[in-house]
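This report goes through a single protein chain, taking up selected backbone features, helix packing, aromatic pairs and model confidence in turn. The sequence and the structure are shown here for reference.

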Amino acid sequence: MELTTRKLQASPKKPFVWAGVRDQCIYSLPLFYSQEVNRVENKLILNGTRVATDIKEQLKGRVEELTSRGVIPCLATVLVGDDPSSATYVRMKGNACEKLGILSKRIHLPAEITTEDLLKTIHELNEDEAVHGILLQHPVPSHIDERAAFEAIDIEKDVDGVTSWGFGQTSFGFGSYPSCTPAAIMAILDYYDVPIEGKHAVVVGRSPILGKPVSMLLLNRNATVTTCHSRTQNLPEIVKQADIVVAAVGKPNFIKGDWIKPGAVVMDAGYNPGNIGDADYEECEKNAGAITPVPGGVGPVTISMLLKHTVDAAEKKLNQR
């Protein structure tokens, strides 16, 4: 079958939706299957790298327009301590910014810094008119009050969606910057035109920056949502009911293949040592109608959503002048 390349267009209601007709699509399984995919036995491999690339392509023109008007979008990243993984993540985010013409302001603080001094740094960034977004890389050292540090970030600069205020706005359906990984999950579902409304979504994990916000985003799109956690009883039986499974538990290969009902969509938001997700990919893929790989699934889109939120914030700031 000849593949037809189709580009994305922005939409006020669905930021990333297919344009054009759905010619020669496959409906042999319960959920939607597009031809614009890597197909494994009529399954969708939800290629996050492709989604991320399209998002960044859309951002290029917006960054150029802002720059022509004297505004350079700026993301400030705050790293506390010398954790190698955190340093790598900050470097990756900074490099992604620079490739798009977004200014990356990197602040590296010593591990022994106090919560008070960290809050002072965040307040200074809040007051800096040239900074449009603030990202505090987590986790921070154990003696730091991480929640207090998150809450110190100005809501207008909370592009990583970590404040309780931002979560509340997301829950009510009018948040500007939902947490980036939940936003990435929704962007992937929209990119591949996976139906959400009326579907049963099971989210495994309830963290304040992943499990809880993605549950709210799915609920706001008219899914019926079950949020599971470490105290959930009969977890496999609950997951077996899901049309959409979000693995967000932080444990490698936690979601088993025989938990997945035929045709279900598996969104793996986990990333564990050895490039292993929270879902057992080889086994889950056998039953899934669509699945995100690890790596190359949710992760690249998470970074792209951070860039998008930073550009959104810069545009909002410009329009308020």
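## The residue after helix α7

N222 is placed in the loop between α7 and β9, and in this predicted model the residue adopts a positive phi of about 70° although it is not a glycine. Its relative accessibility is 46%, so N222 counts as partly exposed, the range for that class running between the 20% limit for buried and the 50% limit for exposed.

The helix that precedes N222, α7, spans residues 211-220, and its buried residues are G211, P213, V214, S215, L217 and L218. These buried residues pack against two helices, α5 (164-172) and α6 (180-191), and against three strands, β8 (200-204), β9 (224-228) and β10 (244-247). As background to such a pattern, residues three or four places apart in an α-helix point the same way, because the helix has 3.6 residues a turn.

## A second positive phi and two cis peptide bonds

D193, which is likewise not a glycine, has a positive phi of about 55°, and its position is in the loop between α6 and β8. With 15% relative accessibility, D193 counts as buried, whereas N222 counts as partly exposed.

Two cis peptide bonds, each leading into a proline, can be described together with the loops that hold them. The bond joining H138 and P139 is cis, with omega of about 5°, and P139 belongs to the loop between β7 (133-136) and α4 (146-151). The bond from V294 to P295 is also cis, its omega being near 0°, and P295 sits in the loop between β12 (290-291) and α10 (298-319).

## The crossing of α6 and α10

The helix that begins after P295, α10, meets α6, and the axes of these two helices come within 8 Å of each other and cross at roughly 110°. The two helices are therefore roughly perpendicular, since that term covers angles from 65 to 115 degrees. On the α6 side the contact is made by C180, T181, A183, A184, I185, A187 and I188, and on the α10 side by V298, V301, T302, M305, L306 and H309. Sorted by character, the residues of this contact comprise 10 nonpolar and three polar ones, with no charged residue among them.

## Aromatic pairs

How many aromatic pairs does a search of the whole structure find? The search returns three, and one of them is formed by F172 and F174, whose rings lie 6.5 Å apart centre to centre with 40° between the planes, a tilted arrangement. Both partners count as exposed, F172 at 69% relative accessibility and F174 with a relative accessible area of 54%.

Another pair is made by F254 and W259, whose ring centres are 5.8 Å apart and whose planes stand at 90°, so the pair is edge-to-face. Here F254 counts as partly exposed at 25% relative accessibility, while W259 is buried, with a relative accessible area of 13%.

## Confidence in the model

Across the protein the mean pLDDT is 89, and 87% of the residues reach 70 or more. Residues 1-40, in contrast, have a pLDDT below 50, although this stretch has 91 contacts in the model beyond near neighbours in sequence.

Note on methods. Residues are numbered from 1 along each chain as its sequence is written. This is a predicted model: local features need pLDDT of at least 70, side-chain atom pairs count only at pLDDT 80 or more; totals for chains, interfaces and linings use all residues. Side-chain values use heavy atoms; hydrogens and water are left out. Buried means under 20% relative accessible area, exposed over 50%, partly exposed in between (1.4 Å probe, protein chains only). Helices (H or I, at least four residues) and strands (E, at least two) are DSSP runs, numbered from the N terminus. Contact means heavy atoms within 4.5 Å. Rings of Phe, Tyr and Trp (its six-membered ring) pair if their centres lie within 6.5 Å; planes under 30 degrees apart count as stacked, over 60 as edge-to-face and the rest as tilted. pLDDT is the predictor's confidence in each residue, from 0 to 100. Axes are lines fitted to C-alpha atoms, for helices over the stretch in contact, and angles run from 0 to 180 degrees between N-to-C directions. Angles under 35 degrees count as roughly parallel, over 145 as roughly antiparallel, 65 to 115 as roughly perpendicular and the rest as oblique. Ala, Val, Leu, Ile, Met, Phe, Trp, Tyr, Cys and Pro count as nonpolar, Asp, Glu, Lys and Arg as charged, and the others, Gly among them, as polar.
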